[in-house]
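Here are a few exercises to work through with the structure open beside you. Try each task before reading its solution.

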Amino acid sequence: MKVYELLAQAFVAEGTSDVFGMMGDANMHWMNALARRGVRLYEVRHEGSGLGMADGWARTAGRPGVVTTTSGPGVAQLATSMIVASRARTPLVAFCGETAWGDQGAVQYLDQRRFAAAIECGFVHVSRADLAEEAVQRAFYLSRTESRPIMLSAPIDVQKQECEDGDQYVPSTDLIPRGRSLPDPAAIEAACDIIRASKRVVIIAGRGARRAEAGEQILRLQGRTGALLATTLQAKNWLCGSTDYHVGIAGLYGDKTAMELLQEADCVIAVGASLNHYTIEHGYLFPDARYIQIDTAPHIVMGNGAVADSYIRADAVTALTELTRALESRSVALEGFHTTEVLHRLTAPLATPAEFHGEPGLLDPREVIHVLDEEIPGEIGLVLGSGHQTDFGTMLFQRSREVLSNYGMFGAIGQAPLLTIGSIVANGNRPAFVVEGDASFLMHLPEFETACRYDIPILIVVMNDEGLGAEYHKAGAAGLDPELAVIPTPELGPVAVALGGGGATVRTADQLRAALAEYVRAPRPTVIDVRITRNIVSIPYRRLLHGEDV
Amino acid sequence: MISIKEEIAVPSPPAHVWEVISNPADVVSCISGAELGAAHDDGSFDGTLVVRFGAVRVRFAARVILELAADEREGRLSARGRDGRRATRFAADATFRVVPGDGPGRARVIVSGEITITGKLAALVESGAGTVITRMTTEFSDQLVQRCAGVDLHPARAVGGGGQWQCPG
Ligand SMILES: Cc1ncc(C[n+]2csc(CCOP(=O)(O)OP(=O)(O)O)c2C)c(N)n1
């Protein structure tokens, strides 16, 4: 057997079912070996895009995504997407070919170890045939346990060596204990004391809580403590259909009512949320609160530079069950925020149709979000894109659905459609849509063709302001020339059709509804180019650039 | 660093305007969200200021020094402070001068100064904080005019401004 076969076999044993990437001399043998073993290969148009897809795949599947490149130039293409995946703490293995071991004069030679370090991923080298399986196991082990991307770099000469048939491969999952971690009774006690002494409790549910499926337990604790429920951006809209006292996102993307209510809190209970500086605005969002934090991490320093008053290191379901039980046994029950006055404040609509101000042939971006939320059923997941436009969706989407946001993960534009493609593949080809800016979408336009080739039912809604909206608005605020950020785009509907998918360019709400109906009826790769006005500035921009209290 | 350069036209005589502007209690009452604290032996005093950056309120505590040259009707104010979480510091230095206005019984107040914000809120300085300070300056001007005219001012309240995030994108 050849080493590349042994490597492929080990990947299959690790559960690899889908691989994104591009072939070259240094990975094609391995890819062929994977294909023979039934692994689905997705040939992409740029390795960085492939990594973005593997990232989206992993974020949805909750296990390591796999991308592959050839040596040198293939690896170099990974830079931006790799840093994004690293900042997002995505478990991922990049199988990268390498020029022959030691041949630094080779055309495609690159010091891949140093490059990996610079782009913030771990590195495992396949330096000997007899250590090949161990290298795969280690790459997956590190990616799972440290929840980060790992580059597995394999010189082509080593890959082509003969080796013993491998039949003893132990997948990395066998090395990772699966037991639940139970909460320390002293920490539960301390948390009870804090809650007992509090009047206005806020629960912040994060990605970890959603992943642990702790919804029911959160709602019980919320009922007991009269808490407002907020989420992090990563858990946007989670449980919003299950409680009237849901305030949406905590942080810059919160609406004004949410911001005002949250600042009244005297106790914050975080569940599977790191409470980074985005969520608690460096602590300024909760000036008077004490913190209880439930998480599986060994320790967390919150976004205010401090640690929680009671840190409960445990699995979310177990910790919440224990905490609620302890409160019940001590007869601690609060009315808290659960008053008719608060309810009244929370039911006021965020943006009413009367406030929509488009221009002739250009829609108000807020109206676009409103129509999308109405027309696209909740089973269809959402990915939030980048640029200025993303603020509208981030704040205004209301319907309960799976939402994935890439905000704060290195701030690179253009990743969202890639994440969406990967996420759809991980979800068994279940349709999903992404709302993206025109510049961001065009950055990786060729991958729409990839989506068409593999029949991936992605809907890309392009919020097209014909420009770099973010820079347009920032330039205006900084006294620079906004016109430099205006970039015309061709009609993207016909472009999408030419690439093999569905497409429409829309200029009115009715045209948008019609295009959406067509997608919803029979989801297939589709681009809807929605022409929007540049006159509407998002609430976060109004707060940040103009200091407005909105 | 944010620079302030303001000329405030006040329809009151210079001597009266000087009286108001050289009295810390009066000045503070012209700044919404500001409160005067204890006075110290060295002539400095404590002050607090609640500023609204976006929808978030931040309370700053500062040590303020006011030096007055009554003959020239000129004052120098410097303040050093930080917020309750010690995540943000600010330093403000300003000079102000009261001069005759364009007509009898009228004055002009010429204010120039610099404010430096460092720490977690500093990201705002790109433009949000500047806007907040401009707004505060305008409000101060209005309040000063009213106070000099003898109008009783409303109790302190917070004024507006942005968060401390980077603009998305
Ligand atoms: C890779 C990368 N290049 C450049 C930028 C700077 N940048 C931030 S937002 C933005 C504009 C994006 O425009 P578009 O996708 O059309 O969205 P809009 O802001 O117009 O809503 C740019 C160029 C970036 N963040 N990442």
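The exercises below concern a predicted model and go from sheet to hairpins to helix packing.

**Exercise 1. Describe the open sheet of chain A: what is the strand order, and which strands are at the edges?**

Step 1. Trace the sheet across its 6 strands; the order is 2-1-3-4-6-5, and the pairing is parallel.

Step 2. Look for strands that pair on one side only: these are strand 2 (40-43) and strand 5 (122-125) of chain A.

Step 3. Check the twist. Neighbouring strands of this sheet are turned by 25° against each other on average, with direction ignored.

Step 4. Zoom in on one pair. Strand 1 (residues 18-21) and strand 3 (residues 65-69) of chain A run parallel and are joined by 3 bridges, and A:Phe20 stands opposite A:Val67 of strand 3.

**Exercise 2. Find which strands of chain A helix 1 and helix 2 of that chain lie across.**

Step 1. Start with helix 1 (residues 3-13) of chain A, which lies across strand 3, strand 4 (92-98) and strand 6 (149-155) of chain A. Its direction makes an angle of about 175° with strand 4 of chain A.

Step 2. Move on to helix 2 (residues 28-36) of chain A. Strand 1, strand 2, strand 3 and strand 4 of chain A are the ones helix 2 lies across, and helix 2 runs at about 135° to strand 2 of chain A.

**Exercise 3. Locate the residues with positive phi in two hairpins of chain B.**

Step 1. Take strand 3 (residues 45-53) and strand 4 (residues 56-69) of chain B, which pair in the antiparallel sense over 9 bridges. One bridge partnership is B:Val50 with B:Arg59.

Step 2. Inspect the 2 residues between these strands: B:Gly54 has a positive phi near 60°.

Step 3. Continue to strand 5 (residues 74-83) of chain B, which runs antiparallel to strand 4 of chain B and is joined to it by 10 bridges. Here B:Ala69 has B:Glu74 as its bridge partner.

Step 4. This second hairpin has 4 residues between its strands, and B:Arg73 in the turn has a positive phi of about 50°.

**Exercise 4. Why are helix 9 and helix 14 of chain A classed as oblique to each other?**

Step 1. The axes of helix 9 (residues 185-196) and helix 14 (residues 316-329) of chain A come within 10 Å and cross at roughly 55°.

Step 2. Angles from 65 to 115 degrees would count as roughly perpendicular, and those under 35 as roughly parallel. The two helices are therefore oblique.

Step 3. Add the handedness: this crossing is right-handed.

Step 4. List the contact residues. Helix 9 of chain A supplies A:Ile188, A:Ala191, A:Cys192 and A:Ile195, while helix 14 of chain A supplies A:Ala319, A:Glu322, A:Leu323, A:Ala326 and A:Leu327.

Step 5. Sort these residues by character: 8 are nonpolar, none polar and 1 charged.

Methods
Residues numbered from 1 in each chain as written. Chains lettered and ligands numbered in written order. Predicted model: local features only at pLDDT ≥ 70, side-chain atom pairs only at ≥ 80, totals over all residues. Heavy atoms only, no water. Axes fitted to C-alpha atoms, helices over the stretch in contact; angles between N-to-C directions. Parallel < 35°, antiparallel > 145°, perpendicular 65-115°, else oblique. Left-handed = near helix turned anticlockwise from the far one by under 90°. Contact = heavy atoms within 4.5 Å. Nonpolar A, V, L, I, M, F, W, Y, C, P; charged D, E, K, R; others polar. Pairing = 2+ DSSP bridges.
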